[in-house]
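The following paragraphs lead the reader through one part of a structure, strand by strand. Please keep the display below in view while reading.

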Amino acid sequence: MIESIDYRPSYELDADLAELAYAAVRGWPDQQAITPAMIRSRLRPTGTTATTLLVVRDGGRLVAAAAMLWPATLEATGELIGPLVHPSARGAGLGTAVLRAAAAVADARPGIRFTTGPIPESRSVGWNLFEKAGWHPLHTANLLAAALPVAEEPPAPSGVQVRAARPGEYLNRAVADLILSAYPHCGHADARDMFVRWTTDERYRPDGLLLAGDERGLSGAALVYPQSDEDVSGPPEAVIADLVVHPHLDSATASAVRAALAAAAARVSASFGAVVARTVAPCPFVCDALASVGFRQVDQVRYYGQPASRPVASAALG
């Protein structure tokens with residue numbers, strides 16, 4: 001039986017979800033250290049509507065789940081995370097059943113459209129599930145990883161200064177301006193709240209927020225989260241949650257800023273004690289900058305959009 005609930009953080013539920021998520025991705029290119037803290041941060045609502053959680057239990061054990069993050073505004077899209085199915089429960093149609101349940105929940109709120117999270121191309125069973133259900137491909141991105149510390153690090157480009165955020169530093173407006181310029185589809189509300197979302201993530205550390213420019217005007221920023229704690233499954237890792245450069249920079253300056261941020265992100269990831277760093281990079285220029293500091297492509301990921309079988313609002317990744 002599929003149970004639909006409003007997500008509320010709890011030690012038991014977050015631990016169950018972390019265990020399921022790690023089991024579901026273990027052995028695939030997107031395998032990563034998944035902790036209860038990561039689950040709480042990932043499922044925190046983007047607006048005032050609680051994340052909808054669809055769960056299937058077998059004798060109390062969590063064997064399948066999906067999460068629906070509702071958008072903050074009708075102009076934005078929601079995100080569907082999953083379905084995730086435990087390896088021991090695969091082959092029984094649970095993924096299809098959970099996806100159908102998610103579609104039914106979405107249909108009850110006409111005008112809201114959902115997109116998926118990243119699905120590695122090598123995990124064909126994942127994206128086939130969506131294609132069979134009529135979801136349409138949106139775009140792709142590259143999944144990159146690096147062993148840490150990187151063997152050789154190129155010198156920082158001259159003229160580019162990168163620093164870490166200071167504890168308590170007010171950067172809301174500067175980050176919002178940068179995000180809105182780089183991702184105009186993001187919308188004012190999401191851009192305005194981005195700094196808050198970054199810093200209220202339980203994994204956030206000020207030394208993981210890397211800034212090029214200053215609070216009056218950022219030329220770029222990168223965000224690195226450690227992915228390990230006492231409850232970690234797998235080796236200690238770091239995730240580069242974002243690396244963004246202002247689109248109005250000339251090509252030479254933009255390239256220098258990306259290179260400086262990539263080098264700083266690799267250094268910070270290693271300083272967190274991580275032995276592996278990962279990121280999903282949709283921009284080829286960001287991929288090139290990360291490749292210069294030891295990252296390599298381990299897969300490509302796909303994103304899918306909900307079938308347009310009903311009226312929907314106009315729609316929008318470390």
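A convenient starting point is A222, which stands opposite L243 in strand 11. Pairing of two strands here requires that DSSP find at least two bridges between them. Strand 10 (residues 217-226) and strand 11 (residues 237-245) meet this requirement with 7 bridges in the antiparallel sense. The model is predicted: local features need pLDDT of at least 70 and side-chain atom pairs count only at pLDDT 80 or more, while totals for chains, interfaces and linings use all residues. Residues are numbered from 1 along each chain as its sequence is written, and side-chain values use heavy atoms, with hydrogens and water left out. Helices (H or I, at least four residues) and strands (E, at least two) are DSSP runs, numbered from the N terminus.

Of the 10 residues in strand 10, 9 are buried, that is, under 20% relative accessible area with a 1.4 Å probe and protein chains only.

From strand 11 the path leads over helix 7 (residues 251-271) to strand 12, and the three make a right-handed β-α-β unit; right-handed means that this path runs clockwise with the strands pointing away from the viewer. Strands 11 and 12 run parallel and are joined by 3 bridges, and V239 has R278 in strand 12 as its bridge partner. Strand 7 (residues 136-147) runs antiparallel to strand 12, with 6 bridges between them; here L144 is partnered with T279.

Strand 12 (residues 276-281) is largely enclosed by the rest of the structure, because 6 of its 6 residues are buried. In a regular strand, side chains alternate between the two faces of the sheet. V276, R278 and V280 point one way from strand 12, whereas A277, T279 and A281 point the other way.

How values were computed
Buried < 20%, exposed > 50% of the residue type's maximum accessible area, 1.4 Å probe, protein only.
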